[in-house]
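User: I'd like a close look at one part of this model, with the reasoning spelled out as you go. Pick a good starting place, then work outwards from there in one connected account.

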Amino acid sequence: MSINYSLEYNTERPRLIIPEYGRHIQKMIEKAVLLKDRDERNRTAHSIVAVMGNLFPHLRDVPDFQHKLWDQLFIMSDFKLDVDSPFEKPTPMTLRKQPERLPYPQAHPKYRFYGNVILQMIKTCVTWEKGELREALEYAIANHMKKNILTWNKDTVDDEVVFEHLYELSDGQIDLRKSKDNLITHKDVLRMKMPPAKRTAKTQTQQKKVYSTNNKKKNNGRI
């Protein structure tokens with residue numbers, strides 16, 4: 001006597017609408033759709049939602065979790081399940097509704113190598129009252145501007161150039177052109193990019209060199 005086994009492969013089965021819930025939930029929903037008694041369909045729908053919630057117990061405290069489960073129930077039934085939902089039923093139109101297009105900021109600054117963040121910082125700075133706090137922010141912006149230049153330009157840049165650009169971008173409201181304070185240098189920028197461990201090792205090496213040089217001078221003096 002020969003026994004024929006019919007194997008059912010996933011490739012031959014209908015596509016799962018929400019694969020996270022598995023095929024058993026999908027079959028339960030398909031069976032609920034075919035029930036003719038409305039009361040029985042309602043009881044079955046509530047039971048299916050309870051099982052769906054048990055599959056993700058860590059999400060029970062999430063706001064509107066039950067609303068999400070009922071929406072997914074109707075989606076997996078291809079909107080064919082006719083039951084009394086405690087929430088508003090979703091429709092295929094609301095599901096396939098395209099989101100509104102977000103306007104992309106089209107900013108074309110004159111000096112693009114500074115970036116839009118610098119422009120926002122300048123706009124904020126000019127709204128502050130003049131004083132020590134604003135002056136500190138002005139120099140912080142100038143240092144950041146020079147750092148941006150040195151990041152893309154290997155050549156040295158004079159502080160006067162940065163001050164002139166800052167004066168122009170702020171419409172003359174920030175004027176550091178007569179300032180005698182120096183901004184960061186190219187070596188400072190390279191040191192910022194250096195990993196902390198390597199930076200510490202380099203500092204220790206420099207200190208050892210200074211200590212060795214001082215000892216040699218003392219020994220030569222004794223001789």
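Analyst: One bit of vocabulary before we dig in: a residue is called buried when its relative accessible area is under 20%, exposed when that value is over 50%, and partly exposed in between. D175 shows how that works: its relative accessibility is 40%, so D175 counts as partly exposed. Keep in mind that this is a predicted model.

Let's start with the overall layout and then zoom in on helix 1. The protein chain has 9 helices and 0 strands, so reading from the N terminus you simply go α-α-α-α-α-α-α-α-α. There are 223 residues in the chain, and 26% of them count as buried. About 17,500 Å² of the protein chain is exposed, with carbon and sulfur atoms supplying 54% of that area. As for contacts, take those between residues at least 6 apart in sequence: 50% of them join residues at least 24 apart.

Now for the close look. Helix 1 covers residues 22–34, and Q26 sits within that stretch. Which residues of helix 1 are buried? They are R23, I25, Q26, I29 and A32. A bit of helix geometry helps with that list: an α-helix has 3.6 residues a turn, so residues three or four places apart point the same way. As for what lies over these buried residues, the cover includes helix 2 and helix 3.

Q26 is a nice one to pause on. Its relative accessibility is 6%, and because that is under the 20% cut-off, Q26 counts as buried. What does Q26 touch, if you skip its neighbours within four places in sequence? The answer is L16, I17 and M76.

M28, also in helix 1, is a different story. Its relative accessible area is 34%, so M28 is partly exposed. M28 joins V51 and L55 in a nonpolar surface patch, and together the three have about 220 Å² of accessible area.

V51 and L55 also turn up in the packing between helix 1 and helix 2. Two packed helices are described by the angle between their axes and the distance between the axes. Here helix 2 spans residues 38–55, its axis is 10 Å from that of helix 1, and the angle comes to about 170°. That value makes the two helices roughly antiparallel. On the helix 1 side the residues involved are I25, M28, I29, A32 and V33, and they meet R41, T44, I48, V51, M52 and L55 of helix 2. So M28, V51 and L55 take part in these contacts and also make up the surface patch.

R41 is the one to follow outwards from here. R41 is buried, at a relative accessible area of 10%, and R41 is also a salt-bridge partner of D82, with 3.9 Å between the closest N and O atoms. D82 belongs to the loop between helix 3 and helix 4 while R41 is in helix 2, so this pair ties together parts 41 residues apart in sequence.

D82 has another partner. Its side chain meets that of R38 in a salt bridge, at 3.0 Å from N to O. This pair, too, links distant parts of the chain: R38 is in helix 2, D82 is in the loop between helix 3 (65–76) and helix 4 (92–95), and their positions lie 44 residues apart. Buried or partly exposed, how do D82 and R38 count? D82 is partly exposed at 37% relative accessibility, and R38 is partly exposed at 29%. Step back, and R38, R41, D82, D84 and K89 are linked in a network of salt bridges.

The whole structure holds 8 salt bridges. One of the others brings back D175 from the opening: D175 pairs with R177, with the closest N and O atoms 2.9 Å apart. R177 is partly exposed too, at 36% relative accessibility.

To finish, here's a buried spot in a loop, for comparison with the helix residues. L183 is found in the loop between helix 7 (159–169) and helix 8 (186–193), and its relative accessible area of 7% makes L183 buried. Neighbours within four places aside, L183 is in contact with Y139, A142, N143, K146, D159, V162 and F163. For A142, the C-alpha atom is 7.4 Å from that of L183, though the two residues are 41 apart along the chain.

Notes: Residues numbered from 1 in each chain as written. Predicted model: local features only at pLDDT ≥ 70, side-chain atom pairs only at ≥ 80, totals over all residues. Heavy atoms only, no water. Helix = DSSP H or I, 4+ residues; strand = E, 2+ residues; numbered from the N terminus. Buried < 20%, exposed > 50% of the residue type's maximum accessible area, 1.4 Å probe, protein only. Contact = heavy atoms within 4.5 Å. Patch = residues over 30% accessible without salt bridge, like charges linked within 9 Å, V, L, I, M, F, W, Y side chains within 5 Å. Areas by Shrake-Rupley, 256 points an atom, 1.4 Å probe, with all protein chains shown as cover. Salt bridge = Lys/Arg side-chain N within 4 Å of Asp/Glu carboxyl O. Axes fitted to C-alpha atoms, helices over the stretch in contact; angles between N-to-C directions. Parallel < 35°, antiparallel > 145°, perpendicular 65-115°, else oblique.
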